[in-house]
Amino acid sequence: MTGVGVDAHVHFWDLKRFGYLWPSAEHGPLFQDFYPCGYEKTLVESNSAVKNCIFVQVVNNTVAETDWVLDMATRHQCIVGVVGWIDMTAPGSEVDAELERLSRNPLFLGLRHILDLEEPGWIERKDVRCTLGKLEKLNLTFDLLLRPHTLHYAKEIATEFPKLRLIINHLAKPKIRDREFDSWAEEISRAAENPNVFVKLSGMVTEADPENWKPSDLKPYVHHCVKVFGAQRCVFGSDYPVFKMVGATYQQVYDALMECLLDCTTQEEQEGIFGENAIAFYQIKTALQK
């Protein structure tokens, strides 16, 4: 590959710094601190073309995490964007002030909220929808962390806010281990009908058989996304360091996706998925490493 490599989904955390509800001690290899320096070492050790990354929020209850990573980005050139968090249910004036403050930093790209930690229907709240409207007006993004049974929200939100750039994380976590495909495929196809919805080809190995996953297990899901979204709306994300849960390495995650793409995409489309598509979706403004 000769294009600019971008990993559109990485996490860093400092377990003593914030009140993390996840990860916890039961998550074994994840229950330790992960910083950009460790990620940079991983990139050097891998044989991929990736040299840039986008941080995605982990903590639902504080904007301080967003500020922490924006600060680390001043010392780590690999971080070219931050998908952060604010209280989307706060009064409108507070939301306006926080988004205005964060948007002064060109590295701030948009928001994500972990829906698994909320009551069902949280995304339907009037105040949340109001904040989504503000993101649309400010030309910011929203990362959708969905499950197969909540995938319908992608189409609903995309229809209500047709100029809001939305990206589904981790293919909405299909149950690859159980080979559940048809209902997921139907729902994600509906989401793909909206041109403002992209999808991250990320987080798959942790949904497959943890003891015996292989690229061929992931292939039907990847192929379907490429088919319904088009290669131009598919984006690579490693989900660093979560793949360590199943003993996988960065290289294995990267190579597995590439293997899945070889027989359904061109080399130009592959370069888009591993870089240019993320740059276009997030409208990255900072200099990228080549």
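This is a short tour of a predicted model, moving from the whole chain to a few single residues.

**The whole chain.** Start with everything shown as a cartoon: you should find nine helices and eight strands. Turn the C-alpha trace along its principal axes and it spans about 50 × 40 × 40 Å. The radius of gyration is 18 Å, which agrees with the value near 19 Å that a compact globule of 290 residues would have. Now switch on a surface. About 12,500 Å² is exposed, with carbon and sulfur atoms supplying 50% of that area. Buried residues make up 57% of the chain. If you like contact maps, note that among contacts with a separation of 6 or more, 80% join residues 24 or more positions apart. Colouring by charge brings up 30 positive and 41 negative charges, whose mean positions are 3 Å apart.

**The cores.** Next, select Phe12, Tyr39, Ile168 and Leu201. Of the 90 residues in the largest nonpolar core, these four touch the most other members. Then add helix 8, residues 250-261, which gives this core its largest share, eight residues. A second, separate core has 16 residues, including Val80, Phe198, Ala278 and Tyr282. In soluble globular proteins, nonpolar side chains tend to be buried together.

**Valine 199.** Zoom in on strand 7, residues 197-201, where valine 199 lies. Is valine 199 buried or exposed? Its relative accessibility is 0%, so valine 199 counts as buried. Show what surrounds it: beyond its neighbours within four places in sequence, valine 199 contacts residues including Ile167, Ile168, Leu171, Phe229 and Arg233. Val235 is also one of these contacts; its C-alpha atom is 6.2 Å from that of valine 199, although the two are 36 residues apart along the chain.

**Backbone stops.** Most residues other than glycine have a negative phi, and most peptide bonds are trans. With that in mind, select tryptophan 22 and proline 23: the peptide bond between them is cis, with omega near 5 degrees. Proline 23 sits in the loop between strand 1 and helix 1.

Move on to the loop between strand 8 and helix 8, which holds aspartate 239 and proline 241. The bond from tyrosine 240 to proline 241 is cis, with omega near -5 degrees. Aspartate 239 has a positive phi, near 60 degrees, and counts as buried because its relative accessibility is 4%.

Finish at glutamine 283, in the segment after helix 9. Its phi is also positive, about 50 degrees, and glutamine 283 is partly exposed, with a relative accessible area of 34%.

Note on methods. Residues are numbered from 1 along each chain as its sequence is written. This is a predicted model: local features need pLDDT of at least 70, side-chain atom pairs count only at pLDDT 80 or more; totals for chains, interfaces and linings use all residues. Side-chain values use heavy atoms; hydrogens and water are left out. A nonpolar core is a set of buried Ala, Val, Leu, Ile, Met, Phe, Trp, Tyr and Cys residues joined through side-chain atoms within 4.5 Å. Buried means under 20% relative accessible area, exposed over 50%, partly exposed in between (1.4 Å probe, protein chains only). Helices (H or I, at least four residues) and strands (E, at least two) are DSSP runs, numbered from the N terminus. Contact means heavy atoms within 4.5 Å. The radius of gyration is taken over C-alpha atoms; the globule rule is 2.2 Å times the number of residues to the power 0.38. Accessible areas come from the Shrake-Rupley method with a 1.4 Å probe; for residues, only the protein chains shown count as cover. Lys and Arg count as positive and Asp and Glu as negative; His and the chain ends are not counted. The place of a charge is taken as NZ of Lys, CZ of Arg, CG of Asp or CD of Glu.
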